[in-house]
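Follow the chain with the model open beside the text. The route runs from the sheet to the cores, then to the rings and the loops.

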Amino acid sequence: MTITLTAVDHEDLCHGWSWVITDEAALAANVARVALGQAKHVIRVLDGLAEKPVKTTTDHVADALAKLAPDADGSFHKCDGWLYQTISWIAAHQNRNDAILRLPHIRKADHGFDGLQIELSTDKAKVTTVVIFEDKATTKPRDTIREDVWPGIVALEAGQRVTELTQDVTAILEAQQHIMPVDVEDVVDDILWKEARAYRVSITVGNRHLKEAARARLFDGYSEIAPGPKEKRRAETIYFSDMRAWMREFSKLVERKISEHANHV
């Protein structure tokens, strides 16, 4: 696997995994495929299935490379955010078991949910959990969680964005009709939204949060923001000594992987 996931447990506060990138080149190749609109190919790779030839046009290559360009203000914050969301999706896929994951965002300024994971009952006739992703690439993890993530979860807990969530879940299930033995509308109608909702907060951390105790403190307040059993509150972290610098080098590697496909169109 391109990312090693280590389980962590912060008592009653939350649980989750810490990530370590173990094969940067392979990860960049997968991110490049996502940028090219070929996430289904990445799924086959991650699942260990035989790879199929993928057609890539020069237009696909040019559009994918544009995703790695600087933002209008010259910064790379949106690009870094998109790269991180894609890495998060790959990490989630490695750890999904039988859950259904929404395909990753293809636009770097998408305002929808960062990611969604749907967990089904054993007979696949009922949605038991809808996991909402909050993916943040930041150099200020605690401030970002407190000022950006917590308000979003509070709003979701209060019932906001439930129509958007319902539509997204419906679309995901409809795309998975081959594994659903029942009518999708019936399944969605039967979801107990407040009980089914769970969260997965994943965030970049730096030198101040090398130890697990320090990482746990980043999520102080999680159990009050999203009350209920600990399983409802996932918390995931990945360490970079200099996140922005790493993203710039990784972006160049992804760009090279994308450009390689230009030689085969």
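Strand β1, residues 3-10, pairs with β2 in the antiparallel sense, over 8 bridges. This is a predicted model. The two strands make a hairpin, with 3 residues between them. At the β2 end of one bridge sits Cys 14, the partner of His 10. Cys 14 is buried, because its relative accessibility is 0%.

The hairpin turn holds Glu 11, in the loop between β1 and β2. Its phi is positive, about 50°, although Glu 11 is not a glycine. Most residues other than glycine have a negative phi. Is Glu 11 buried or exposed? Its relative accessibility is 66%, so Glu 11 counts as exposed.

Now move from the turn to the body of β2. This strand is mostly covered, with 6 of its 8 residues buried. β2 also joins strand β7, residues 233-239, through 3 bridges. Here the two strands run parallel. Trp 19 stands opposite Ile 238 of β7.

Step back to the whole sheet. It is open and has 7 strands, in the order β1-β2-β7-β6-β5-β4-β3. The pairing is mixed. Which strands stand at the edges? They are β1 and β3, the latter spanning 100-101. Each has a single partner strand, so one side of each is left without a neighbour in the sheet. For β3 the partner is β4, residues 115-120, which runs antiparallel to β3 and is joined to it by 2 bridges. Leu 101 stands opposite Gln 117 in β4.

Just ahead of β3 in the chain comes another backbone feature. Asn 97 lies in the loop between α4 and β3. Asn 97 has a positive phi of about 55° and is not a glycine. With a relative accessible area of 68%, Asn 97 is therefore exposed.

Next, the interior. In soluble globular proteins, nonpolar side chains tend to be buried together. The largest nonpolar core here has 40 residues. Val 31, Leu 83, Phe 250, Val 254 and Ile 258 have the most contacts inside it. Several elements each supply at least two residues of this core: β2 (14-21), α1 (24-35), α2 (39-46), α3 (58-66), α4 (77-94), β5 (127-136) and α11 (243-261). Which of them gives the most to this core? It is α4, with 9 residues.

Take Ile 258 as a way in. Leaving aside residues up to four places away in sequence, Ile 258 touches Ala 32, Ala 35, Leu 36, Val 61, Ala 64, Leu 65 and Leu 68. Apart from this core lies another, of 36 residues. Ile 145, Ile 191, Ala 196 and Tyr 222 are among its members.

Helix α2 deserves its own look. Its buried residues are Ala 39, His 41, Val 42, Ile 43 and Leu 46. What covers them includes α1 and α4. After α2 comes Gly 48, whose phi is positive, near 75°.

Turn to the rings. The structure holds 5 aromatic pairs. Trp 150, Phe 219 and Tyr 222 form one aromatic cluster. Tyr 222 is also among the residues of the 36-residue core. Two arginines lie over ring faces as well. Arg 161 is over the face of Phe 113, at 4.0 Å from the ring centre. Arg 200 is over the face of Phe 133, at 4.3 Å from the ring centre.

What about the cysteines? A disulfide is a covalent bond between the sulfur atoms of two cysteines. How many disulfides does the structure hold? It holds 0. Cys 79 counts as buried because its relative accessibility is 0%.

One loop remains, between β7 and α11, where Ser 241 is found. Its relative accessible area is 56%, so Ser 241 is exposed. Ser 241 and Lys 67 are 174 residues apart along the chain. Their C-alpha atoms are separated by 24 Å.

Last, return to the two ends of the sheet. β1 and β3 stand at the edges. Between them in the strand order come β2, β7, β6, β5 and β4. Two of these strands, β2 and β5, each supply at least two residues of the 40-residue core.

Note on methods:
Residues numbered from 1 in each chain as written. Predicted model: local features only at pLDDT ≥ 70, side-chain atom pairs only at ≥ 80, totals over all residues. Heavy atoms only, no water. Phe/Tyr/Trp six-rings, centres within 6.5 Å; stacked < 30°, edge-to-face > 60°. Lys NZ or Arg CZ within 6 Å of the ring centre and 35° of its normal. Disulfide = S-S within 2.5 Å. Buried < 20%, exposed > 50% of the residue type's maximum accessible area, 1.4 Å probe, protein only. Core = buried A, V, L, I, M, F, W, Y, C linked by side-chain atoms within 4.5 Å. Helix = DSSP H or I, 4+ residues; strand = E, 2+ residues; numbered from the N terminus. Contact = heavy atoms within 4.5 Å. Pairing = 2+ DSSP bridges.
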